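Please follow this explanation with the sequence and the model open side by side. The account moves from single residues to a helix pair and then to a pocket.

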Amino acid sequence: MRTLTPKERMLATVLATVVFLAANLIGVRWIAQQIRASKMTVARLKAENAQVRLLLEEKPYWMARKQWLVEHPLEVFNEQRSGPEFTETVRSSVERHGLTLTRNTLLPLERSGQLVTTLIELDMKGSLEAMTRWIYSVQKPGDDQFLRKFTLKKAEDGNTMELNVVLGKVFTTSEMAVSP
């Protein structure tokens, strides 16, 4: 093999320098991309860590609720009994609060896993105070009842209020297991 001339050596040196600089540029870009990805991963993990710490701080709050659920299990649903009993309970509650029930319609059941929801649409008339007391009474903890829809307006006579409400009660289809 022959020796390189000075011009060939210079060209070889320039070529090696250009290849070296190009490789370094590509390498630096790759390293910068890896650093950015790592920083994003670290930021995501820090956010997850903060979220988990918040959940751990809330553990006593949720454990108290879990204990309450164990002590106050949902009523077991009975196809023949649950709907009519709920309707009768609501009707007597409305009358007990001095309200006049003008419509009482049992709506179709809603099922979700082990839960069954019985819904009743009610129209009633009475004083605002009586309605407020009735609404408060049907949403007591442990009754497993909730208001789905609520419309309150002044009656045409101007002295009473008209309330249209969809009231629901949640039942279980069987004994529900509580996670440890």
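Thr-118 is a residue of strand β2, which covers residues 115–126. The model is a predicted one. Is Thr-118 buried or exposed? Its relative accessible area is 1%, and because the cut-off for a buried residue is under 20%, Thr-118 counts as buried. Setting aside residues up to four places away in sequence, Thr-118 touches Phe-77, Gly-83, Phe-86, Leu-106, Leu-109, Leu-167, Gly-168, Lys-169 and Phe-171. Another way to place Thr-118 is by its distance to Pro-84: the two are 34 residues apart along the chain, and their C-alpha atoms are separated by 9.9 Å.

The next stop is a pair of helices. Two packed helices are described by the angle between their axes and the distance between the axes. For α3 and α4 the angle is about 145°, and the axes are 10 Å apart. The crossing of α3 past α4 is right-handed. Which residues meet where the two helices pack? From α3 come Val-90, Ser-93 and Val-94, and from α4 come Trp-134, Ser-137 and Val-138. By class, the residues of this contact are four nonpolar and two polar, with no charged residue.

Ser-93, in helix α3, can be taken as an example from this contact. Its relative accessible area is 6%, so Ser-93 is buried. When neighbours within four places in sequence are left aside, the contacts of Ser-93 are Trp-134, Ser-137 and Val-138.

Beyond the helix, His-97 sits in the loop between α3 and β1, the latter spanning residues 100–112. His-97 has a relative accessibility of 23% and therefore counts as partly exposed. With neighbours within four places in sequence again left out, His-97 is in contact with Ala-130, Arg-133, Trp-134 and Ser-137. His-97 and Met-131 lie 34 residues apart in sequence, while the distance between their C-alpha atoms is 7.7 Å.

Another loop runs between α4 and β3 (145–154), and Asp-144 is found there. What is notable in the backbone of Asp-144 is its phi, near 55°, a positive value in a residue other than glycine.

The last feature is a pocket. The second largest pocket holds about 230 Å³ of space. It is lined by 16 residues, of which Thr-89, Val-90, Asp-143, Gln-145 and Lys-169 are the closest to its centre. Which elements give two or more residues to this lining? They are α3 (82–96), α4 (128–138) and β4 (161–172). Of the elements, α3 gives the most, with seven residues. By class, the lining of the second largest pocket has six charged, six polar and four nonpolar residues.

Two residues link this pocket to the earlier parts of the account. Val-90 is among the residues closest to the centre of the second largest pocket, and Val-90 is also one of the α3 residues that meet α4. Lys-169 is likewise among those closest to the pocket centre, and Lys-169 is one of the residues that Thr-118 touches.

Key:
Residues are numbered from 1 along each chain as its sequence is written. This is a predicted model: local features need pLDDT of at least 70, side-chain atom pairs count only at pLDDT 80 or more; totals for chains, interfaces and linings use all residues. Side-chain values use heavy atoms; hydrogens and water are left out. On a 1 Å grid over the protein atoms alone, a cavity is a set of points where a 1.4 Å probe fits but cannot get out, and a pocket is an open set with protein on both sides within 12 Å along at least five of seven lines; lining residues have an atom within 4 Å of a point. Grid points are joined across faces, edges and corners, and a volume is the space filled by probe spheres set on the points. Helices (H or I, at least four residues) and strands (E, at least two) are DSSP runs, numbered from the N terminus. Ala, Val, Leu, Ile, Met, Phe, Trp, Tyr, Cys and Pro count as nonpolar, Asp, Glu, Lys and Arg as charged, and the others, Gly among them, as polar. Axes are lines fitted to C-alpha atoms, for helices over the stretch in contact, and angles run from 0 to 180 degrees between N-to-C directions. A crossing is left-handed if the near helix is turned anticlockwise from the far one by less than a right angle, and right-handed if clockwise. Contact means heavy atoms within 4.5 Å. Buried means under 20% relative accessible area, exposed over 50%, partly exposed in between (1.4 Å probe, protein chains only).
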